[in-house]
Structure formats: structure tokens, C-alpha cells
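This report covers helix packing, charged pairs, cysteines and one core position. Have the coordinates open while reading.

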Amino acid sequence: FALLGDLTKACFQHVHPCIADFMPILGQNLNPELISVCNNATWAIGEISVKLGDEMKGYIALVLGQLIVIINKPNTPKTLLENTAITIGRLGYVCPHEVAPMLQQFVRQWCMSLRNIRDNEEKDSAFRGMCQMITVNPAGIVNEFIFFCDAVASWVHPKDDLKDIFTKILHGFKNQVGEENWKRFVDQFPPQLQERLTVMYNV
């Protein structure tokens, strides 16, 4: 599965005709008891989704349920959690309408899994997916918004357009709840988080 992920990145035109055969096999190997296999299958699904785009719709049902089980499973190893969160984000990036209805089932764990990883392309695509899902289903994140704020604050240098998306979501939420409720909400944050969001996103 690691090879499949690498081939997807390097020469997708050769992998593309076989996707319908590979996806059910990948879905069957999302077993967190077999950490290495599960990790590679999860990563490969994420790489394939970025290349397949909208075509991934037909495969969401094969993989999403099990990815949500993995991300919520206690004692899941850190690398598997991170890979799972990135892949869910990437699925949301290419098929937001299919994944967003499930947002409440994974958003807290998703944010906690990705808050500690450094800025990189995988994190970028995953967060773009999360933002698309929030746009489709804002109600799905209301109760966990503090975790989203914390995850956004983990970015050191987001690309300008991603930073704009974060700003839009944060200000949208602030405007929705009103100044007074927002202040009450932000008062729950650790001082460092408050300061970071103010400096970077002016909220």
C-alpha cells in the first residue's frame, strides 16, 4: 500500500485505470490492529483522493466509516491518528458534501491529532478540506469550535489564501454569536491561544 501511495504521487496515469479494483482492498485493510498495514492503506487513500478529486465520491462509503472508527479509537498510535486525520481532511477537500454530514463524529479528534504536526503540504490539503466541510455544515463544528481554533493556531506560516479562509471562518463565527458571546467564548482560551489568534487573525 505504501508503494501504491508512492505510485499515485509519481505516475497516477498508470494507477488510475485500476482504482476501482484497489479501493475495496484498501477499505478492507483499515484495521487499526495491524498498524503498519492500516497506516499505509490510510495514507494511500489520501493520496488517491487528491488525484481523483470529484471521482472519489463513489468510494467515500467504502472508507469513511472505518476512518472515523480509527480516529476515535483510544490508544491509536500517533502516526496512525495523524495519517487518518489527514486522509479524512483530504476526502473532505475533494468531496465536502459527502463527508461534512459526519463532521460531529470526528472533528474534535481531528483537530487534536493535527495541532502538533508541522506545516506541510499534507497538513495544508487536510485543513483546506476541514474548512470546506465547515462551510457545508457549520453546525457540525459549533460545539467543538475551541478545538478548531486551537488547531488553526498551530499553523506557523499558512499560505496566504489558507490564512484568508481561516480568517473568514473565525470572523464568521464571531459575527454569528455576537461580540458578547464571543468574548465569553474566548475567555475560556489559554492566554497564549488568545494572543495568537488576535495577532494572526485579528479576532
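The sections below go from a helix pair to salt bridges, then to cysteines and a threonine. The model is predicted.

**Helix packing**

Two packed helices are described by the angle between their axes and the distance between the axes. For helix H10 (residues 160-177) and helix H12 (residues 191-201), the angle is about 115° and the axes lie 10 Å apart. The crossing of H10 past H12 is left-handed. Which residues make the contact between H10 and H12? H10 contributes Lys 163, Phe 166, Thr 167, Leu 170 and His 171. H12 contributes Leu 197, Met 200 and Tyr 201. By class, the residues of this contact are 5 nonpolar, 2 polar and 1 charged.

**Salt bridges**

How many salt bridges does a search of the whole structure find? The search gives 12. Three of these pairs are tabulated here, including the N to O distance of each.

| Basic residue | Acidic residue | N to O distance |
|---|---|---|
| Lys 73 | Glu 33 | 3.5 Å |
| Arg 128 | Asp 161 | 2.8 Å |
| Lys 174 | Glu 179 | 3.9 Å |

Take the pair of Glu 33 and Lys 73, joined at 3.5 Å. This pair links distant parts of the chain, 40 residues apart. Glu 33 sits in the loop between helix H2 (19-28) and helix H3 (35-52). Lys 73 sits in the loop between helix H4 (60-72) and helix H5 (78-94). Is Glu 33 buried or exposed? Glu 33 counts as exposed because its relative accessibility is 57% and the cut-off for that class is over 50%. Lys 73, at 31%, is partly exposed.

Next comes the bridge between Arg 128 and Asp 161, at 2.8 Å. Arg 128 belongs to helix H8 (residues 121-136) and Asp 161 to helix H10, so the bridge ties together parts 33 residues apart in sequence. Arg 128 is buried, with a relative accessible area of 12%. Asp 161 is partly exposed at 40%. The pair also belongs to a network of salt bridges that links Asp 124, Arg 128 and Asp 161.

The third pair is Lys 174 with Glu 179, where the closest N and O atoms are 3.9 Å apart. The distance qualifies because the cut-off is within 4 Å. Lys 174 is buried, with a relative accessible area of 16%. Glu 179 is exposed at 56% relative accessibility.

**Cysteines**

The disulfide count is 0. Cys 18 is in no disulfide, and the nearest cysteine sulfur, in Cys 11, is 11 Å away. Cys 18 is partly exposed, with a relative accessible area of 30%.

Why is Cys 131 not bonded to Cys 111? Their sulfurs are 9.7 Å apart, which is too far for a bond because a disulfide needs sulfur atoms within 2.5 Å. Cys 111 holds the closest cysteine sulfur to that of Cys 131. Cys 131 is buried, at 2% relative accessibility.

**A buried threonine**

Thr 84 lies in helix H5. What is the relative accessible area of Thr 84? The value is 0%, so Thr 84 counts as buried. Leaving out residues up to four places away in sequence, Thr 84 touches Thr 42, Leu 67, Ile 70 and Ile 71.

How values were computed
Residues numbered from 1 in each chain as written. Predicted model: local features only at pLDDT ≥ 70, side-chain atom pairs only at ≥ 80, totals over all residues. Heavy atoms only, no water. Axes fitted to C-alpha atoms, helices over the stretch in contact; angles between N-to-C directions. Helix = DSSP H or I, 4+ residues; strand = E, 2+ residues; numbered from the N terminus. Left-handed = near helix turned anticlockwise from the far one by under 90°. Contact = heavy atoms within 4.5 Å. Nonpolar A, V, L, I, M, F, W, Y, C, P; charged D, E, K, R; others polar. Salt bridge = Lys/Arg side-chain N within 4 Å of Asp/Glu carboxyl O. Buried < 20%, exposed > 50% of the residue type's maximum accessible area, 1.4 Å probe, protein only.
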